[in-house]
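Visitor: I would like a close look at a single part of this model, with its surroundings described step by step.
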Amino acid sequence: MSEHLDKAETAREGIESAGTSRRSFLKGGAAVAGAAVASSMAGTAASGQAESKSQRAPAFVKEHNKKRPNIVFIYTEGQRPDCLSFTGNKILKTPNMDRIAREGVFFNNSFCINALCAPARAATMTGLYSHITGAYGNSDERALPANIPIFTDLLHESGYEVAMVGKVHVPNGTRERYWDYYCGFNGAVTDYYAPEYHEGRKGKMGPSQVHRGKFHNDFPDNPAMDWTGVYADDWFTDKALDWLKEERQSPFFLMLCHQAPHGPFYRPPRYLNAFNGVPIPIPETFDDYKKNWPGKPRAFADAQNKIGTIETWDRARTVEELVKDCYAGFQAVDDNVGRVLDYLESTNQLDDTVVMLSSDHGYFFGEWQCYDKRFMHEPSLRTPGMIRYPKEFQAGTRVDEMIINLDFAPTLLELAGVEAPEAMQGKSLVKLAQKKERTWRKDFLYEYFSYPGNEQVRPHRGVRTERYKYFEYFLDPKEYEMYDLEKDPGELDNLAGKPEYASLQRQLAARVEELRKETGDHTRDAMVSPG
């Protein structure tokens with residue numbers, strides 16, 4: 001363990017050093033979750049004279065490209081796993097996302113390690129915890145360091161053509177990297193009917209633009225009324241399909257990121273009247289505010305994320321409005337997922353393409369009157385996780401082990417025939433999905449830092465095991481939550497501070513500190529990040 005911690009310390013210091021280059025970081029390594037820290041990120045020779053694997057890639061690619069799969073990674077926005085008809089939702093219809101799950105592998109317990117857009121996306125792209133990358137919040141002040149590679153850098157270096165389309169929201173994490181094709185926006189949300197975006201090819205990025213749809217010239221006195229907008233996710237999918245249709249000799253990787261149903265929750269025209277008259281169940285804990293949120297600490301009760309109480313640009317006013325708008329957004333996403341699947345199938349590429357789908361984080365639908373995410377509670381923490389690739393995975397497979405978004409990067413690299421850096425803190429899901437994995441994680445670390453800022457959710461960190469969850473709001477006054485998820489899956493009974501559970505609380509608190517050390521977390525408890 002001491003050797004692992006020494007390497008973690010070296011990695012953290014290397015990242016924080018202003019003069020550290022990407023190559024130096026690759027050579028220096030980073031903390032690896034669980035049990036190991038490697039001294040090499042991508043096999044770069046210490047002397048600098050031997051060629052790296054990426055430098056040798058062209059010869060490898062020429063010989064092996066035809067054997068490597070295409071990859072499409074569909075990354076949704078704020079999607080809970082119960083926002084699928086596949087998982088039993090009787091109101092929402094998602095036949096295309098269901099198809100991926102039905103014809104592939106569905107992970108019943110998929111989680112994010114930081115339930116906020118930019119930190120979650122940075123973790124997915126790097127396979128590293130927020131406390132390693134420094135991507136703590138949504139603002140540019142906590143940008144992803146340029147010296148840390150994202151997994152698409154490694155795919156590109158190995159010979160893949162790589163494209164990013166749609167919502168990006170990783171400061172310094174995507175537009176600044178190499179892309180064969182890029183068409184996206186780096187923010188929480190863009191105008192649903194006049195999306196702002198950058199477009200670039202072959203590593204060269206164009207200026208910021210706005211797509212306004214069609215111009216009719218019917219209102220000379222009010223030109224703004226002459227534009228008929230195109231729903232942003234539909235248009236970005238158009239751009240992704242245009243790129244897929246281009247001729248190429250190399251395998252491709254496409255990451256298609258939808259913004260719907262992010263606030264302000266605009267719907268596409270085809271779903272403006274969807275779900276009218278359909279009753280939406282109200283969570284049993286919605287009225288807990290009337291009793292001052294029994295069992296919950298003030299850090300939870302005082303957060304400004306309660307439906308109908310906060311005046312913000314993306315406010316939620318009622319549970320019914322919130323859920324129906326989100327459902328309409330997810331049905332639009334599903335339409336566009338279907339367009340991609342249909343194209344791949346019509347060109348006989350579908351079974352030669354890895355199709356993975358997940359989301360950045362979950363979302364509250366009125367539990368304890370909450371909306372949005374950020375907290376470590378299950379609605380915010382859980383995400384869908386599925387992968388279809390019939391050459392490797394049997395259709396209809398269900399996996400119960402806990403996976404986290406740090407696992408996606410090493411998984412896709414392995415399927416692409418690219419060695420994942422040992423420094424990545426996730427673990428490839430390939431053997432797990434094939435039912436060949438003998439050992440797997442029994443718990444994982446969660447962290448949230450973004451404070452003060454939107455919604456005033458206080459920073460916290462914790463551990464989720466297969467049965468228990470414990471987390472601590474680590475700024476003074478310190479407060480705690482702890483749940484037995486086997487007996488209390490709804491997280492109704494906070495066990496923290498109860499004498500009969502004192503031993504369990506001490507054990508879980510100690511495990512949090514162990515996980516922090518194992519993953520190279522040396523952040524100060526006072527560290528916070530605006531945004």
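Which residue of β11 does isoleucine 74 stand opposite?

Guide: In this predicted model, isoleucine 74 stands opposite leucine 357 of β11, and the strands concerned, β1 and β11, run parallel and are joined by seven bridges. β11 also pairs with β15, residues 385-388, this time in the antiparallel sense and over four bridges, with valine 355 having arginine 388 as its bridge partner in β15. As for the two faces of β11, Thr353, Val355, Leu357 and Ser359 lie on one side and Val354, Met356 and Ser358 on the other, and all of these are buried. Because seven of the seven residues of β11 are buried, this strand is largely enclosed by the rest of the structure.

The wider setting is the largest nonpolar core, which has 57 residues, and those with the most contacts inside it include Ile100, Phe236, Leu322 and Phe365. β11 (353-359) and β1 (70-76) are among the elements that each supply at least two residues of this core, as are β10 (252-257) and α10 (319-346), while the largest share, 14 residues, comes from α10. Leucine 322, setting aside residues up to four places away in sequence, touches Phe265, Ile307, Ala316, Tyr363, Phe364, Phe365 and Tyr371. Apart from the largest core lies another one, of 43 residues, among them Ile387, Tyr389, Phe408 and Leu413. As a general background, nonpolar side chains tend to be buried together in soluble globular proteins.

Note on methods. Residues are numbered from 1 along each chain as its sequence is written. This is a predicted model: local features need pLDDT of at least 70, side-chain atom pairs count only at pLDDT 80 or more; totals for chains, interfaces and linings use all residues. Side-chain values use heavy atoms; hydrogens and water are left out. A nonpolar core is a set of buried Ala, Val, Leu, Ile, Met, Phe, Trp, Tyr and Cys residues joined through side-chain atoms within 4.5 Å. Buried means under 20% relative accessible area, exposed over 50%, partly exposed in between (1.4 Å probe, protein chains only). Contact means heavy atoms within 4.5 Å. Two strands pair if DSSP finds at least two bridges between them.
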